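Okay, thanks for coming, everyone. Let's pull up the structure and walk through it together.

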Amino acid sequence: MQLNVNGNQHEVDVDEEMPLLWVLRDELNITGPKFGCGIAMCGACTVHINGQPARSCSMPVGQVSGLITTIEGLGTPDAMHEVQACLLYTSPSPRDQRGS
């Protein structure tokens, strides 16, 4: 099966019922989309398909047609998209997570 992810064509040999999230992470090593709740509620797995948000944890890869964009595909290291920059610069440090 062919997938266009972040402007690149990929050939994957997976079961059509496999969730898109696992194809992205396990087969293509695209780790921006995260596993959160597994029931499409939290949004950690969100990608865009043809410009529309979709929860990749509950979408069988066989139902996907069109362009898939993950957080990695929004910008470049030299010209980050504002969403990428926001996530990079607002991530809590390990010290913040301890509650000190």
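So, to start: how many helices and how many strands are there in the protein chain? There are three helices and five strands. Before we go on, keep in mind that this is a predicted model. If you trace the chain from the N terminus, the elements come as β-β-α-β-β-β-α-α.

How far can we trust it? Mean pLDDT for the protein chain is 86, with 77% of the residues at 70 or more. Which element comes out highest, and which lowest? Helix 1 has the highest mean pLDDT, 98, and helix 3, residues 94–97, has the lowest, 53. As a general rule, where pLDDT is low, the predicted coordinates should not be read in detail. I'll leave helix 3 there and spend the time elsewhere.

Okay, the sheet. In what order do the strands sit? The order is 2-1-5-3-4, in an open sheet of five strands with mixed pairing. Strand 2 and strand 4 are the edges, each of them pairing on one side only. From one strand to the next, the twist averages 40°. For anyone who wants the reminder, strands of a sheet pair through backbone hydrogen bonds, either parallel or antiparallel.

Let's take two of those pairings. Strand 1, residues 2–5, and strand 2, residues 8–11, run antiparallel and are joined by four bridges. Within that pair, V5 sits opposite N8 of strand 2. The hairpin they make has two residues between the strands, and N6 in that hairpin takes a positive phi near 55°.

Over by the other edge, strand 3, which is residues 46–49, pairs with strand 4. That pairing is antiparallel too, again over four bridges. Here V47 is the residue facing A54 in strand 4.

Back to N6 for a second, since that phi deserves a comment. Most residues other than glycine have a negative phi. N6 is not a glycine, and yet its phi is positive, about 55°. Where does N6 lie? In the loop between strand 1 and strand 2. Its relative accessible area is 25%, so N6 counts as partly exposed.

A40 does something along those lines: it isn't a glycine either, and its phi is positive at about 65°. You'll find A40 in the loop between helix 1 and strand 3. Is A40 buried or partly exposed? Partly exposed, because its relative accessibility is 23% and the buried class stops at under 20%. There's also N29, which follows helix 1 and has a positive phi near 55°.

Now for helix 1 itself, residues 20–27. What does helix 1 lie across? Strand 1, strand 3 and strand 5, and helix 1 runs at about 100° to strand 3. Which residues of helix 1 are buried? L20, L21, V23 and L24. Strand 1, strand 3 and strand 5 are among the elements that cover those buried residues.

W22 is in helix 1 as well. I'd expect people to ask about the tryptophan, so here goes. W22 counts as partly exposed, because its relative accessibility is 28%. Leaving out residues up to four places away in sequence, W22 touches E27 and F35. And if you look across to V61, 39 residues away along the chain, the C-alpha atoms of W22 and V61 are 9.1 Å apart.

One more residue: S56. Where is S56? It's in the loop between strand 4, residues 52–55, and strand 5, residues 67–69. Why is S56 called buried? Because its relative accessibility is 1%, and anything under 20% goes in that class. Which residues does S56 touch, not counting those up to four places away in sequence? P19, L20, L21, P33, C45 and V47. Notice two names from earlier: L20 and L21 are buried residues of helix 1, and V47 is the one opposite A54.

Last bit, the whole-chain numbers. The protein chain has 100 residues, and 24% of them are buried. Its accessible surface is about 6500 Å², with 51% belonging to carbon and sulfur atoms. For contacts between residues at least 6 apart in sequence, 38% join residues at least 24 apart.

That's my tour, thanks.

Key: Residues are numbered from 1 along each chain as its sequence is written. This is a predicted model: local features need pLDDT of at least 70, side-chain atom pairs count only at pLDDT 80 or more; totals for chains, interfaces and linings use all residues. Side-chain values use heavy atoms; hydrogens and water are left out. Two strands pair if DSSP finds at least two bridges between them. Buried means under 20% relative accessible area, exposed over 50%, partly exposed in between (1.4 Å probe, protein chains only). Contact means heavy atoms within 4.5 Å. Axes are lines fitted to C-alpha atoms, for helices over the stretch in contact, and angles run from 0 to 180 degrees between N-to-C directions. Accessible areas come from the Shrake-Rupley method with a 1.4 Å probe; for residues, only the protein chains shown count as cover. pLDDT is the predictor's confidence in each residue, from 0 to 100.
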